[in-house]
Amino acid sequence: MARTLHQNRERNFPNIKNPNAMKKLIISLALTAFATAAMAQTPRDARQEARQERIEQITQQMQAALATQNFMFIPSQMNLAFRGPIQLNTLSYSPFLDVLPTYLSVNLPYSLQNTPPTSRVFDLYMPSVPYTYSVKQGTGSNTYYVSIRLTSVSNSNVMFMPLETKSMNMSIHMNIDVVSGYTIMTIIPDFAAPITYNGTATAN
């Protein structure tokens, strides 16, 4: 009976006494398990890798655009003192601020008191105005700080400027997240109330 059991064990596991065969079996099983685990992780890892590559590409594009003064800001909301945020999706035109290497192209609403922003009477409209420009990166963050200074802006360009004021200076400050593009921009005229816009910056 014992011999029969021994013969059956040898018949079912003929190479159990062979160390090399056992080693090959263990290695084969380990490789199979590893390949199965790798195959199970590949789709997720591939998506994460592709996402990271897209983020790096977008970041590099925005960094280059800020360095070369070649980007556009599209506001979705404006914030007025004593009134709060106003959505800009009801405008009859598309507001923007286009930063180009030698000039700004600007068409933004600037509402005074209770005048709705759809009124173009108080628009900040500057087809092409020269400017000075500086940009710096926030410490350890994706935020970049852009400062723009406009000098001697004519009242023919800035519609909210009083007629008796022939020209004025103004500053524009922008906080830009180079990954998401989310931007907060504040325009500070020398002789008028500042106004803040929220929106998105994209590379031209």
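A polar contact is a pair of N or O atoms within 3.5 Å, where, within protein, one atom must be able to donate a hydrogen and the other to accept it. In the predicted model described here, the side chain of Thr-59 comes to 2.8 Å from the backbone oxygen of Ile-55. Thr-59 belongs to helix 2, which covers residues 19-67, and its relative accessibility of 13% places Thr-59 among the buried residues, because buried means under 20% relative accessible area. When the neighbours within four places in sequence are set aside, Thr-59 is in contact with Val-178 and Val-179.

The overall architecture can be described next. The protein contains 2 helices and 10 strands, and from the N terminus on the order of these elements is α-α-β-β-β-β-β-β-β-β-β-β. Of the 204 residues in the protein, 30% are buried, while the accessible surface comes to about 12,700 Å², with 57% of that surface belonging to carbon and sulfur atoms. Among the contacts with a separation of 6 or more, 51% are accounted for by residues that lie 24 or more positions apart.

The pairing of the strands is illustrated by strand 10, which spans residues 195-203. Strand 1 (residues 71-80) runs antiparallel to strand 10 and is joined to strand 10 by 8 bridges; in this pairing, Met-72 stands opposite Thr-202. Strand 9 (residues 182-189) also pairs with strand 10 in the antiparallel sense, over 6 bridges, and here Tyr-182 stands opposite Thr-200. The connection between strand 9 and strand 10 is a hairpin of 5 residues.

A further set of residues can be described around Ile-148, which lies in strand 7 (residues 143-154). With a relative accessible area of 2%, Ile-148 is buried, since the cut-off for burial is under 20%. Ser-134 is 14 residues away from Ile-148 along the chain, yet the C-alpha atoms of these two residues are separated by 6.7 Å. Leaving aside the neighbours within four places in sequence, the contacts of Ile-148 are with Val-99, Leu-104, Tyr-131, Thr-132, Tyr-133, Met-170, Ser-171 and Ile-172.

Two of these contact partners, Tyr-131 and Tyr-133, also enter into the description of the aromatic residues. A search of the whole structure finds 1 aromatic pair. In that pair, the ring centres of Tyr-131 and Tyr-133 are 6.1 Å apart and the ring planes meet at 70 degrees, so the arrangement is edge-to-face, given that planes over 60 degrees apart count as edge-to-face. Both Tyr-131 and Tyr-133 are buried.

The confidence of the prediction remains to be considered. The average pLDDT of the protein is 76, and 63% of the residues score at least 70. Confidence is lowest in helix 1 (residues 2-12), where the mean is 52, and highest in strand 6 (residues 132-137), where the mean is 94. Over residues 117-122 the pLDDT falls below 50, although, beyond near neighbours in sequence, this stretch has 16 contacts in the model. Tyr-133, described above as buried and as part of the aromatic pair, lies within the residue range of strand 6.

Key:
Residues are numbered from 1 along each chain as its sequence is written. This is a predicted model: local features need pLDDT of at least 70, side-chain atom pairs count only at pLDDT 80 or more; totals for chains, interfaces and linings use all residues. Side-chain values use heavy atoms; hydrogens and water are left out. Helices (H or I, at least four residues) and strands (E, at least two) are DSSP runs, numbered from the N terminus. Buried means under 20% relative accessible area, exposed over 50%, partly exposed in between (1.4 Å probe, protein chains only). Contact means heavy atoms within 4.5 Å. Accessible areas come from the Shrake-Rupley method with a 1.4 Å probe; for residues, only the protein chains shown count as cover. Rings of Phe, Tyr and Trp (its six-membered ring) pair if their centres lie within 6.5 Å; planes under 30 degrees apart count as stacked, over 60 as edge-to-face and the rest as tilted. Two strands pair if DSSP finds at least two bridges between them. pLDDT is the predictor's confidence in each residue, from 0 to 100.
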